[in-house]
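User: Please take a close look at one part of this structure, the packing of its helices, and place that part in its wider setting. A formal account for a newcomer would be welcome.

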Amino acid sequence: MTSLNFSKIYYTKDALNFPLSKKIIRRFADAKLVAVDSPRSLCFRAQKEPQTVSECKKNLFLTTRREGFIEKCPGTKGHLCCNYFVTKNILGCPMDCSYCYLQAYLNIKATTIFVNENDFFAEFEKAAQKALRIGSGEFSDSLIFDEIVDQNKTLIEICSKSPSLLELKTKSANIRKLLNLNHRGKTVIAWSINPQKIIETEERKTSSVYERATAAQAAVEAGYPVAFHFDPIIHFKNWEKEYKKTVDAIFPKIPPGKIAWVSIGALRFYPSLKPIVRERFPRSKILLGEFIRGDDGKFRYLKSIRTEMFKKISGFIRKFGSDIKIYLCMESAPVWRKTFGRTPEKIKNLDLIFR
Ligand code: SF4
């Protein structure tokens, strides 16, 4: 994984007096500072300017928002929902995965950090009283900014005293700051997983399978429950052999009782992502599969391909623990039935997630 580096820091004036802004500006002292009147002046249309997405990765935008730091994951039309809440304190990610939906979703020429963190913490604390599963890996990577932004410590502490569960989802191995915290088992550290071959071609600037597995092992030693997301799984030549190799590289290191859950989800994307991938990742293989367009407008592999992959990969995982909770991400009831014979509310332990 490469270290963080930014060439420009945009800011709105109201952001400048917050301690977090000062810390970030000090840390990236070589970055050019640019004042903007409002986020609107940084807007662009990703589909029309795919090359601008690359520029976004090099810039930060420091600003504030009054509320809206937590929201329910919208799920996807016609697919079973796992009742997940997501944080929106950081929008964007300096790592660079070819399939990342944020490339088409975000329209600001920088990774946005809302620096009024006490407002975020207050909203998070209020939400955490409602016994939710809250994740911070939907609009950014949960740990990539940990060395600078350092908010996970506070979120972990809030959840340790609340009925909620926090999930920190990452493709990094940045767990050093989390190892000595009093989490009381209320934070799950989760790794997105793909075979090393996919990491090398489709997940630029992320940690290797070995680094992710070693970090997961260290998290378990520090008492954390861990989770793994095989998402998005990619259909490519030798996928079966490569996913098996990946499962075999991780699961022997982790006691099954410490695995909170494993999710499996196949590659899916809106048409608006296609031109961006073609322009930014001309050697990417992710658009080469056979896709159908679902009711939600997203392209997915054919149902027969998805179910075959789900069955095979969950079978590889089950060899390391027949009770490991495995769920499918954004899939329909028929696909659940074809893969596991049942829908999640009828599967022991998953009924708590898919209420
Ligand atoms: S690590 Fe996650 S958020 Fe970051 S670029 Fe990759 S998919 Fe997007």
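Analyst: Two helices count as roughly parallel when the angle between them is under 35 degrees, as roughly antiparallel when it is over 145, as roughly perpendicular from 65 to 115, and as oblique otherwise. The model is predicted, so local features need pLDDT of at least 70 and side-chain atom pairs count only at pLDDT 80 or more, while totals for chains, interfaces and linings use all residues. Residue numbers start from 1 along each chain as its sequence is written.

The protein chain contains 11 helices and 18 strands (DSSP runs numbered from the N terminus, of at least four residues in state H or I for helices and at least two in state E for strands). Its radius of gyration is 20 Å, close to the 20 Å that the globule rule gives for 355 residues, so the chain is as compact as a globular protein of that length (the radius is taken over C-alpha atoms, and the rule is 2.2 Å times the number of residues to the power 0.38). Along the principal axes, the C-alpha atoms fill a box of roughly 55 × 45 × 35 Å.

Helix H8, residues 239-250, packs against helix H10, residues 303-318, at an angle of about 30°, and their axes are 9 Å apart (axes are lines fitted to C-alpha atoms over the stretch in contact, with angles from 0 to 180 degrees between N-to-C directions). H8 and H10 are therefore roughly parallel to each other. On the H8 side, the contact involves Trp239, Glu240, Tyr243, Lys244 and Val247, and these meet Met309, Lys312, Ile313, Phe316 and Ile317 of H10 (contact requires C-beta atoms, placed from the backbone, within 7 Å). The residues of this contact comprise 7 nonpolar, no polar and 3 charged ones (Ala, Val, Leu, Ile, Met, Phe, Trp, Tyr, Cys and Pro are nonpolar, Asp, Glu, Lys and Arg charged, and the others, Gly among them, polar).

H8 also packs with helix H7, residues 209-221; their axes come within 9 Å and cross at roughly 35°. From H7, Val209, Tyr210, Ala213 and Ala216 take part, and from H8, Thr246, Ala249 and Ile250. This contact has 6 nonpolar residues, 1 polar residue and no charged ones.

Another pair is formed by helix H4, residues 117-128, and helix H5, residues 152-160, with axes 10 Å apart and an angle of about 25°. That angle makes H4 roughly parallel to H5. Phe121, Phe124, Glu125 and Ala128 of H4 meet Thr154, Leu155, Ile158 and Cys159 of H5, a contact of 6 nonpolar, 1 polar and 1 charged residues.

Backbone details and the ligand complete the setting. Most residues other than glycine have a negative phi, and most peptide bonds are trans. The peptide bond from Asp231 to Pro232, however, is cis, with omega near 5°, and Pro232 belongs to strand E13, residues 226-233. Arg184, which is not a glycine, has a positive phi of about 50°; this residue sits in the loop between strand E10 (165-170) and strand E11 (187-192). Around the ligand are Cys93, Met95, Asp96, Cys97, Cys100, Leu102, Ser140, Asp141, Lys171 and Thr206 (each with its C-beta atom, placed from the backbone, within 6 Å). This shell has 5 nonpolar, 2 polar and 3 charged residues.

Conventions. Two residues are in contact if their C-beta atoms, placed from the backbone, lie within 7 Å.
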